[in-house]
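Hi,

Here is the structure I promised to pass on. Have a look at it first, then read on.

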Amino acid sequence: MKIVADAHIPYVKDYFGSYGELVLKPGRAITHDDVKQADILLVRSITPVNKHLLAGSRVKLVGSITAGADHLDVNWLNESGIAWGVAAGFNAPPVADYVVSVIAALQRRGMLLRQQPRAAVIGVGNVGRLVVERLRLLNFEVTLCDPFRAAEEPDFISAPIESLADVDLISLHVPLTRTGPYPTYHLIDQSFLARQKTGCILLNASRGAVVDTKAVIQHGAHLHGCYDVWEHEPNIDKAMLETALIATPHIAGYSIQSKIRGIEMIYRLACEKKIIAPQSIPPFIMPQQQLAFAGEKHHWQDIVLGIFNPLIMTAMMRSRLLPSEDEGRLFDEMRNQFNYRHEFAYTKIVGTQLVSEDISILRRLGIEC
């Protein structure tokens, strides 16, 4: 058996290395010649998988260590009899953690401090559901917008996107789609931006092209942008980077734990599809971390930012990408090197002075203290 995989998929050797020839290549460099004799292709979101790549190959399964499938031509794969799958929901915990980290950073900058800030969550699937839970425990009033869930669940109330206005935070968690009843390509356009109040936070941790970059640059100066994903990655718009309040290189869903979770889900898929036979793989014990904070009393925001501070990464993004003529390579480099964040649920705080209210918030976020 021959397996071709993105070289930056963690633990791929542990799960697939014993099944035959394992060829590792950078995801953007995988070609038709690489896969024509392959049985399995393992990718991330940066590899478009379509007829151009796979026609005439012997690939039986495409597994993507992603939550979405917008980089896969699923219609062609289905017509060609090629099994495929994604790791739906594997990154929900770290994305929800990321949203909380952004809120903590903004509150440290004097934003989102009113008694009950108002938020709109657009897309309430695996990730959005968890984000809504986190926002509510942080005392946000949350409006939900997900017409797909409303169509399937009689009790689910979805606000029309045209009605979303006068909120303090908009958090995007939709797949990228260009067709169908509710396409999300350039969902955030000039008319949407015009309805939002000055000072509203626009947080995108879904897909870059959900937001119309040109519209934001020309008509979004009254909003504060917090972007983890960018249109035309990795060659992102520098004007958008320069004006963003928070900027990170598509790492909201990256954690040590989610990377283990993702490859295991695709391994199980390959076994279920009978492409490979299950083998005895030693179970991975999810790593945990212990943190201690020196000094006097700390608040929950300090603890969250000690786990991951998006403002530090924003400064790194700007200092590295803005002066460079090779921002695409640097964007990918920063993304691939981000391999140190633990999820809240695998973090324990020791030897740190905390008031009872902050302990309660941290515990509800999943942090042991």
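Below is what I found in it, going from the domains to single residues.

One thing to keep in mind: this is a predicted model.

**The domains**

Three domains are assigned along the protein chain: domain 1 (2-86), domain 2 (91-247) and domain 3 (289-365). I looked at how domain 1 and domain 2 meet. Their centres, taken over C-alpha atoms, are 30 Å apart. Six residues from domain 1 and five residues from domain 2 make the contact.

How much area do domain 1 and domain 2 bury between them? The value is about 420 Å², with 44% of it on carbon and sulfur atoms. On the domain 1 side, R28, A67 and D70 supply 81% of the area buried against domain 2, more than any other three residues.

Across this interface there is one salt bridge, and one residue pair is in polar contact. If you want to find a salt bridge by eye, go to the side chains of D70 and R207, which meet at 2.9 Å, N to O.

**The annotated residues**

R207 turns up again here. UniProt, in an unreviewed entry, places the feature "active site" at R207, E233 and H250. These are spread over 44 residues of sequence, yet they cluster in space, with a largest C-alpha distance of 9.8 Å.

Let's take R207 to begin with. You will find R207 in the loop between β9 (201-204) and α9 (213-219). Is R207 buried or exposed? Its relative accessibility is 15%, and buried means under 20%, so R207 counts as buried. Leaving aside neighbours within four places in sequence, R207 is in contact with S45, T66, G68, D70, V174, L176, V229 and H250.

Now for H250, which is in the loop between β11 (246-247) and α11 (256-272). H250 is buried too, with a relative accessible area of 11%. Beyond the residues up to four places away in sequence, H250 touches S45, R207, D228, V229, E233, F331 and R335. Two of the annotated residues are joined directly: a polar contact of 2.8 Å links the side chains of H250 and E233.

**A glycine in a loop**

Next, try G89, in the loop between β5 (83-86) and α5 (92-108). G89 is partly exposed, at 21% relative accessible area. Which residues does G89 touch, not counting those up to four places away in sequence? They are A67 and N126. You can also check G89 against V127: they are 38 residues apart along the chain, but their C-alpha atoms are separated by 6.6 Å.

**Salt bridges**

The count for the model is 22 salt bridges. Here are three that are good to click through.

One is D39 with K60, where the closest N and O atoms are 2.6 Å apart. D39 lies in the loop between α2 (32-35) and β3 (40-43), and K60 in the loop between α3 (51-54) and β4 (61-64), so the pair ties together parts that are 21 residues apart in sequence. D39 is buried, at 6% relative accessibility, whereas K60 is partly exposed, at 39%.

Another is R118 with D166, at 3.4 Å, N to O. This pair links distant parts of the chain, 48 residues apart: R118 is in strand β6 (residues 118-122), and D166 is in the loop between α7 (147-152) and β8 (169-172). R118 is partly exposed, at 23% relative accessibility, and D166 is partly exposed as well, at 44%.

The last of my picks is K197 with D168, whose closest N and O atoms are 2.8 Å apart. Here, too, distant parts of the chain are linked, 29 residues apart: K197 is in the loop between α8 (190-195) and β9, and D168 is in the loop between α7 and β8. K197 is partly exposed, with a relative accessible area of 26%, while D168 is buried, at 10%.

How do these fit together? Salt bridges that share partners join R114, R118, E141, D166, D168 and K197 into one network.

Enjoy exploring!

Methods. Residues numbered from 1 in each chain as written. Predicted model: local features only at pLDDT ≥ 70, side-chain atom pairs only at ≥ 80, totals over all residues. Heavy atoms only, no water. Helix = DSSP H or I, 4+ residues; strand = E, 2+ residues; numbered from the N terminus. Buried < 20%, exposed > 50% of the residue type's maximum accessible area, 1.4 Å probe, protein only. Contact = heavy atoms within 4.5 Å. UniProt positions renumbered as here; feature names shortened; annotations may be inferred. Polar contact = N/O pair within 3.5 Å; in protein donor to acceptor, adjacent residues only side chain to side chain. Salt bridge = Lys/Arg side-chain N within 4 Å of Asp/Glu carboxyl O. Domains from an automatic or database assignment. Buried area = accessible area lost by both parts, 1.4 Å probe.
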